[in-house]
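Colleague: I'd like a close look at one part of this model, please. Could you walk me through it in plain words?

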Amino acid sequence: MSVEARERRQPWILLSPALTAITLLLFIPLVFIAVYSFWLRTATGADQVGFFLDNWQEALTDRFYRDILLYTLKIAAITTILCAVMGYPAAYFIARSKGNKAILLLLLMLPFWISYIIRTMSWINILGVSGALNTFLLWIGIIDEPLQMLYNQATVVLGLIHFLLPFMVLNVFVSLDGIDETLEDAANSLGATRWQAFLQVTLPLSLPGLAAGGLLCFVLGAGTYITPLVLGGPSDAMFANLVFEAIITQLNWPLGSALSLMLLVVLGLLVMVYNRYLGMAQLMKGLG
Amino acid sequence: MSSVTLKNIVKRFGSFTAVHQTDLEIPEGAFVTLLGPSGCGKTTNLRMIAGLLDPTEGEILIGGKRVNDVPIHKRNLGIVFQNYALFPHKTVADNIAFGLKYRDVPKDQIAGKVQDALDLVQLPDVGSRYPKELSGGQQQRIALARAIVIEPDVLLLDEPLSALDANLREDMRVELKRIQDQIGVTTLFVTHDQSEALAMSDQIVVMSAGRVEQVGAPEEVYNNPASEFVANFLGASNVIDAECRAKNAEGAQLDTPLFGKVTLPAEKSVRLSGAGPAKLVLRAEKLQVMEEGAAPEGLITAPATIETVDYQGQTVRYFVRVGDAQLQALNMIDERPFEKGSAATVGFRPQDGSALAPA
């Protein structure tokens, strides 16, 4: 075999394990889901095989689903913005810290060692009626009876931030860490204050990381069902909870499939629009 | 344009002293080079003047005014960094205009000044490109244009040529000197490259291990080194043990085991205080390798054996055995070099030597 032929084959050989896994574990199940979404669940509880548009009609016309979808996107957006505001300074601090960068990054990864569900449930012990915060406030006498702090929109956002912040920090860190620090020195020497240098040089150069972190936070946040399930009230259900409800509780696989595909398509479109209009490609060009 | 003065500057990082007690005067409009190996403190000095580091002790004056507490963005300095530090997300024109935006330059004049700077560095047409689209040498010129367009009081150059390949480096050396002559800005240049220092500077400050070894014009530093370190850092030198017999207004009489009596002129023996042990410094290119038995007028000679021949075309570097010492000679040659192992004579003019007091 010629060298050229070998070089042409090499990418496929290297990609084959990942492609196999993605095909078997992601793509084929997705096709199943798509097929399911056109089946119909009959009154007897059995699935009727065929090509029915009933599920899609319900998913696309029922205002209930539309409202929850918009609510889900709103919560994901709020969470993403808060993660960016909270995560950026932390990432900046880690990127600019001298010797102990590795330890700080390890600390950032530490929460990943504990199950996301356990981490989410830990808030019950902190914010619950007999949780740490209420116990403390009662003890110092600020309040006379426990505050109801759990099971609302704020705790859902709190739980999501807890879950997603490390993703934001890591993404921003990676892009900040790649920025040459002498660029800020150069900006300072040309007359920019540290803040101006940050706004003019560091911030724009770290935008790809911020954008990647934001996208990750948004998509993960919009697709979650654990957090609203554990920390939300009855009215805080997000879209993935509807899918969970349809498939696990009602055993209505066809409707659940249609709903989950609907979320997938909406998020996919948002990602495309995001890439198109945030001008990532243009930014990358400048960075070579 | 301003002078720069360092008074009793000391810089410590924890228990490590990067710069020991240093005094330095950079006259207005001069091109002064800090020369030394890596870790000698030259960049630390530059960074202190720039305001990127605080001196542990001492004062820094720019234009006669103490600037220790003046933050970098108010010092009005032009700095060219080793890696150029161009802003990758801005066009070349925006890079150059960056400093103008923080000065009271009317908006309608910015484009004109940017173009003037581009013309000065002979890259008039690259304003709309991004730095990554330029070659290393071009990026270097843009970095220089960005630093001088703000009309800085002092221009600081931190090894600006070291990232370029050899040919380009020599071109840029000439170019940099031309631009500095043209605008006349006080310039502090940091380098570890002796030929850059010799070619460009009005004054060279040779540094080693955080201390200033010698300050002087290039010819002075080259021909009359103040220490063994300076003698060896600027090219290759032979440092030979000697004994000073007498010193007077005309010069000094040295006794050397290798060459016998050597009489140095007064300007080459200023570092000797009188009779006593001394060192004779002989630059490799001043030591002439000749046919065995040659004894030209005015040369002090000794018999030698050629041990290594390093042929470089126009020049040849010999390592020769003279007595119990190995000496280096760098000679221009016409045709064939002497052969390895052959016997020869080495000689030098006494005025080409210089004397050091032993450390």
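How many residue pairs are in polar contact across the interface of chain A and chain B?

Modeller: Keep in mind that this is a predicted model. Across the interface of chain A and chain B, the rule picks out 6 residue pairs in polar contact, with both partners at pLDDT 80 or more. On the chain A side, helix 8 (182-189), helix 9 (194-222) and helix 13 (280-287) each put in at least two of the residues that touch chain B. Helix 8 of chain A gives the largest share, with 7 residues. Sort the touching residues of chain A by type and you get 9 nonpolar, 10 polar and 2 charged.

Now for the salt bridges: the rule finds 1 between chain A and chain B. Its partners are Arg47(B) and Asp185(A), and their closest N and O atoms sit 3.7 Å apart. A carboxyl oxygen within 4 Å of the side-chain nitrogen is what the rule asks for, so this pair makes the cut at 3.7 Å.

Let's step back to the whole interface. Counting contacts, 21 residues of chain A meet 23 residues of chain B. People often describe how big an interface is by the accessible area lost when the parts come together. Here chain A and chain B bury about 2,000 Å² between them. Carbon and sulfur atoms account for 65% of that buried area. So if you want to find your way around the picture, start at Arg47(B) and Asp185(A), the two ends of the salt bridge.

Conventions
Residues numbered from 1 in each chain as written. Chains lettered and ligands numbered in written order. Predicted model: local features only at pLDDT ≥ 70, side-chain atom pairs only at ≥ 80, totals over all residues. Heavy atoms only, no water. Contact = heavy atoms within 4.5 Å. Buried area = accessible area lost by both parts, 1.4 Å probe. Polar contact = N/O pair within 3.5 Å; in protein donor to acceptor, adjacent residues only side chain to side chain. Helix = DSSP H or I, 4+ residues; strand = E, 2+ residues; numbered from the N terminus. Nonpolar A, V, L, I, M, F, W, Y, C, P; charged D, E, K, R; others polar.
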